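Work through the exercises below with the sequence and the model at hand. Each task is followed by a solution in steps.

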Amino acid sequence: MATNADDTGPKSENGFDMGDPELNRHPQPGYRMLRDSGPVVRVAGVIPSRASADAHLVGRHADVVTVLRNPDVFSSRFDAVHIGQVRPLIPLQIDPPDHAKYRKLLDPLFAPRRIALLEDRTRALVSDLVEAVADDSGCNFHAAVSEPLPSTVFLELLGLPVSRAAEFIALKDGIIRPSAPTPEERSSMVDDAGARIYAVLQEVLDERLETRQEDFISDFLDAEVDGERLTPEEVIDICYLFFLAGLDTVTASLDCMMARLALHPAERRRLADDPSVIPHAVEEMLRWETPVTAVVRVTTQDTELSGCPIAADEVVSVMLGSANTDERAWDEAASVDIDRRVNKHLAFGGGVHRCLGSHLARMELRVVLEEWHSRIPEYRVPEGVELDYSPSLRQIADLPLVW
Ligand code: HEM
């Protein structure tokens, strides 16, 4: 999960402005500048809450892979990122060896076979959302599809009331995109939203402790690894992470993908004419757009990356979007080829913390693109509209499409 970029516009020591809206819209040239500046670029003063407020940006593919594969040196521990949590998020902020215990328990619930069972229900939901706007001449895609679809799928799966989706989305946004003007106010907004998420989760957990239902919260309470059950507190710490990961990332990916297709008619037509291309197009757009632009680690010891020293206890921003467009690692890195067949992108991260929800996310993305293009194959962004992408987790709250 990415940190909130500080919207006062911190400058790196090489001078590029990380709060620039154009950079959020088209981050790829910025990534290139980052890679060309060196293997590690220090950004001063971005994390005022830490003794060392600097972040170290790592943008080259080989270095990104090194960081992701060495959790003993580049830790995901509690203080790597603050998103309102009062205990480490499970499994994101648990380092090996304990991390494996949680993945052993969670992986089967998110395995392709389990996710395939959700496809019919997902398709029915998408079809209703598309049908609701198809006879109009346009919509805000973010509000019409990319926000409601993943929220409904995810809340049903976890066992939280779908009727409260709007409230949950607002809480999640309060953490990922706090709108207060100063860092102190933003931090207190994040803590308030966090406390309210814990309260909601505790409420639902108490109900499930009384009576189990057909949902993940009940599954977590009954699951065993090596003969041990999770404690209720561990279940809450898993659900807190799911709340943020499950409600935001697929929405961001759908926004990025539909904006891309609306602005590139040849790609849109290819995909609408031949839906068998869609799974490849999803992977290529995940690579190129990389909606979760970066993940964060903290160094556990003095170390170095490609000859650049990094002291212990420093924050490292692992720039997934940059690794995904690094000409050192990819053929034709800068061209979007929706037929690309070999595509080992890092949009879901890598190493032990690789995304648990990737199969669920891929299924949702594919089904939305299939259903939308079968009903509305021709669409575009209206003339003169400049899309506004949020930083770090690239959503577009206002994504007008016309047809
Ligand atoms: C296209 C959508 C998604 C993208 C791009 C995405 C991206 C990522 C990334 C980059 C990581 C690595 C974090 C790190 O290394 O620090 C991650 C981890 C994770 N994601 Fe996703 N994610 C998506 C959807 C989901 C969904 C739908 C869920 C729902 C359950 C989910 C649950 C998780 C969890 C639990 C982890 C932590 C895994 C661990 O620490 O072992 N993700 N995701």
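The exercises concern a predicted model and deal with its cavities, its ligand and a few backbone details.

**Exercise 1. The largest cavity**

Task: Find how many cavities of 30 Å³ or more the structure holds, and describe the lining of the largest cavity by position, element and residue class.

Solution.
- Step 1. Searching the whole structure gives four cavities of 30 Å³ or more.
- Step 2. For the largest cavity, the volume comes to about 780 Å³.
- Step 3. Its lining is made up of 41 residues, and those closest to the centre are Ala-245, Thr-249, Cys-355, Leu-356 and Gly-357.
- Step 4. Two or more lining residues come from each of these elements: α4 (98–106), α8 (148–158), α12 (232–263), β7 (294–299) and α16 (358–375). The largest share belongs to α12, with seven residues.
- Step 5. Sorted by class, the lining of the largest cavity has 27 nonpolar, 10 polar and four charged residues.

**Exercise 2. The ligand and its iron atom**

Task: State which space the ligand takes, then identify the protein donor to the iron atom and the place of that residue in the chain.

Solution.
- Step 1. The ligand takes up the space of the largest cavity.
- Step 2. Around the ligand there are 26 residues, with His-99, Arg-103, Arg-297, His-353 and Cys-355 coming nearest.
- Step 3. The protein supplies a single donor to the iron atom of the ligand, the SG atom of Cys-355, at 2.3 Å. This distance falls inside the cut-off of 2.8 Å for a donor to the metal, so the SG atom counts.
- Step 4. Cys-355 sits in the loop between α15 (320–323) and α16. Cys-355 is also one of the residues closest to the centre of the largest cavity.

**Exercise 3. Polar contacts and the ligand shell**

Task: Which distances separate oxygen atoms of the ligand from N or O atoms of Leu-92, Arg-103 and Arg-297, and what is the make-up of the shell around the ligand?

Solution.
- Step 1. In the side chain of Arg-297, an N or O atom is 2.7 Å from an oxygen atom of the ligand.
- Step 2. For Arg-103, an N or O atom of the side chain is 2.8 Å from a ligand oxygen atom.
- Step 3. With Leu-92 the partner is a backbone N or O atom, which lies 3.4 Å from an oxygen atom of the ligand.
- Step 4. The elements giving two or more residues to the shell are α4, α12 and β7, and α12 has the largest share with six residues.
- Step 5. By class, the shell holds 17 nonpolar, six polar and three charged residues.

**Exercise 4. The second largest pocket**

Task: Describe the second largest pocket by volume, by the residues nearest its centre and by the classes of its lining.

Solution.
- Step 1. The volume of the second largest pocket is about 380 Å³.
- Step 2. The lining has 25 residues, and nearest the centre lie Arg-260, Ala-262, Leu-263, His-264 and Val-381.
- Step 3. Elements that contribute two or more residues are α1 (21–25), α12, α13 (265–273) and α14 (278–289). Of these, α12 gives the most, with three residues.
- Step 4. The lining of this pocket divides into 13 nonpolar, three polar and nine charged residues.

**Exercise 5. Backbone details**

Task: Locate the cis peptide bonds that lead into Pro-91 and Pro-97, and place Ser-306, which has a positive phi, in the chain.

Solution.
- Step 1. From Ile-90 to Pro-91 the peptide bond is cis, with omega near 0 degrees.
- Step 2. From Pro-96 to Pro-97 the peptide bond is cis, with omega near 5 degrees.
- Step 3. Pro-91 is in the loop between β3 (74–75) and α4, and Pro-97 lies in the loop between β3 and α4.
- Step 4. Ser-306 is not a glycine, yet its phi is positive at about 45 degrees. Ser-306 is found in the loop between β8 (303–305) and β9 (308–310).

How values were computed
Residues are numbered from 1 along each chain as its sequence is written. This is a predicted model: local features need pLDDT of at least 70, side-chain atom pairs count only at pLDDT 80 or more; totals for chains, interfaces and linings use all residues. Side-chain values use heavy atoms; hydrogens and water are left out. On a 1 Å grid over the protein atoms alone, a cavity is a set of points where a 1.4 Å probe fits but cannot get out, and a pocket is an open set with protein on both sides within 12 Å along at least five of seven lines; lining residues have an atom within 4 Å of a point. Grid points are joined across faces, edges and corners, and a volume is the space filled by probe spheres set on the points. Helices (H or I, at least four residues) and strands (E, at least two) are DSSP runs, numbered from the N terminus. Ala, Val, Leu, Ile, Met, Phe, Trp, Tyr, Cys and Pro count as nonpolar, Asp, Glu, Lys and Arg as charged, and the others, Gly among them, as polar. Donors are N, O and S atoms within 2.8 Å of the metal (3.2 Å for Na, K and Ca); water is not among the atoms, so sites may look incomplete. A residue is near a molecule or strand if one of its heavy atoms lies within 4 Å of it. A polar contact is a pair of N or O atoms within 3.5 Å; within protein, one must be able to donate a hydrogen and the other to accept it, and residues adjacent in sequence count only if both atoms are side-chain atoms. A molecule sits in a cavity or pocket if more than half of its atoms lie within 2 Å of its grid points.
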